[in-house]
Amino acid sequence: IAFHPDVYTFAGTRNVDQCPNYAPKPCHVYLTMGKNVSSQMNVIFHSSMLYSLPVVWYTTDPVVTNRGVIYMNAEIAETHYFDVIKWMTTRYVYYGFLENLLPNTTYYFIVGDQSNTNSLTPIKKFRTGTNGPDYTFAVGGDVGDEFPYNEMTTIQVAKRNPSFLALGGDIAYANGLPGCYQRWDSIFWMFEKSLISPTGYIIPFIISIGNHEAGVGWGSYDKKTAPYYFVYLPHERLNGKPPNSLPTYRYHTISNNSVLYSLDSEIVLTADSQVDWLSQH
């Protein structure tokens, strides 16, 4: 005798939550490139706690005083409660979209809840893309949660100090399933540990959607099948809109002579729906 629909859970077999509700500091901090690689950066951080004032403090020249480090700029981050995985864990995702940055420039930053100093991260840094004729970037995909091979590859990428890492999808192989949220946590932990340049810079992402983000192969034509991709990897400012309101296609201007297109390969949008946009850009 059975009832439909059936609900199964493997919660008892999962690892300890990598974003615990007792830790005030963010459990993940990573970067996605904006449309202009030389002047935009999206600083994304996760926490199980609802921050009252999530913030990205950043500067090109941190000033150290006896009262701490002074940061010249503050970006109040947008907040998204990730309700898709609410039955397994609590997750808030914060987006601090930085604009009007200087090209080829080092920025130092910290993130956390401005109202709770215990939540602030150590100092991190990134470098914006160049506006000159020469640049280096890395390309990959099909990362998967196959330790240690994904980490070994990522370390070799980071040694080459690329401006960014472009990934063509199939990142965590969570297939859009709520119960597989820890695959994304494992991937982010791996990247945060390994995708660091020899001089300590965080290497940003440009990530396209793949069929294993949606979980049903090609042609789902439904954004609801790819919740992690939209919530975890926006490349532009949300302006109060839900993450899945963003398109899965876009372009990135690189330097003063290149454009990189990130398209949806018939995952949640048809190819036809992108033709007019592509012809205009």
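Okay, let's start with the twist of the disulfide. The torsion about the S-S bond of Cys19 and Cys27 is about -70°, so this disulfide is left-handed. Keep in mind that we're looking at a predicted model. The two sulfurs, of Cys19 and Cys27, sit 2.0 Å apart. And how many disulfides does the count come to? One.

Are these two cysteines buried or exposed? Cys19 is buried, at a relative accessible area of 2%, and Cys27 is buried too, at 12%.

Now, why does Cys180 have no bond to Cys19? A disulfide needs the sulfurs within 2.5 Å, and the sulfur of Cys180 is 17 Å from the closest cysteine sulfur, which belongs to Cys19, so that's too far for a bond. Cys180 is also partly exposed, with a relative accessible area of 26%.

Okay, on to the inside. In soluble globular proteins, nonpolar side chains tend to be buried together. Here, the largest nonpolar core has 38 residues. Which residues have the most contacts inside it? Those are Leu165, Trp184, Phe191 and Tyr232. If you want to find this core on screen, look for strand S8 (92–98), helix H1 (149–159), strand S12 (165–167), helix H2 (181–194), strand S13 (205–207) and helix H4 (227–232), since each of them supplies at least two of its residues. The one that gives the most is H2, with six residues.

Let's zoom in on Tyr232 for a second. Skipping its neighbours within four places in sequence, Tyr232 is in contact with Tyr30, Ile44, His46, Phe82, Ile85, Arg91, Val93, Trp184 and Phe188. And apart from that big core lies another one, of 25 residues, including Val29, Leu31, Tyr51 and Val56.

Next stop, Ser208. You'll find Ser208 in the loop between S13 and helix H3 (211–214). Buried or exposed? Ser208 counts as buried, at 13% relative accessibility. Leaving out residues up to four places away in sequence, Ser208 touches Leu167, Gly168, Gly169, Glu213, Tyr229, Arg250, Ser262 and Leu263.

That last name, Leu263, takes us out to the surface. Together with Val259, Tyr261 and Leu278, Leu263 makes a nonpolar surface patch of about 300 Å². And where is Leu278? In helix H5, residues 272–280. Leu278 counts as partly exposed, at 36% relative accessibility.

That's the tour, thanks, everyone.

Key. Residues numbered from 1 in each chain as written. Predicted model: local features only at pLDDT ≥ 70, side-chain atom pairs only at ≥ 80, totals over all residues. Heavy atoms only, no water. Buried < 20%, exposed > 50% of the residue type's maximum accessible area, 1.4 Å probe, protein only. Core = buried A, V, L, I, M, F, W, Y, C linked by side-chain atoms within 4.5 Å. Helix = DSSP H or I, 4+ residues; strand = E, 2+ residues; numbered from the N terminus. Contact = heavy atoms within 4.5 Å. Patch = residues over 30% accessible without salt bridge, like charges linked within 9 Å, V, L, I, M, F, W, Y side chains within 5 Å. Areas by Shrake-Rupley, 256 points an atom, 1.4 Å probe, with all protein chains shown as cover. Salt bridge = Lys/Arg side-chain N within 4 Å of Asp/Glu carboxyl O.
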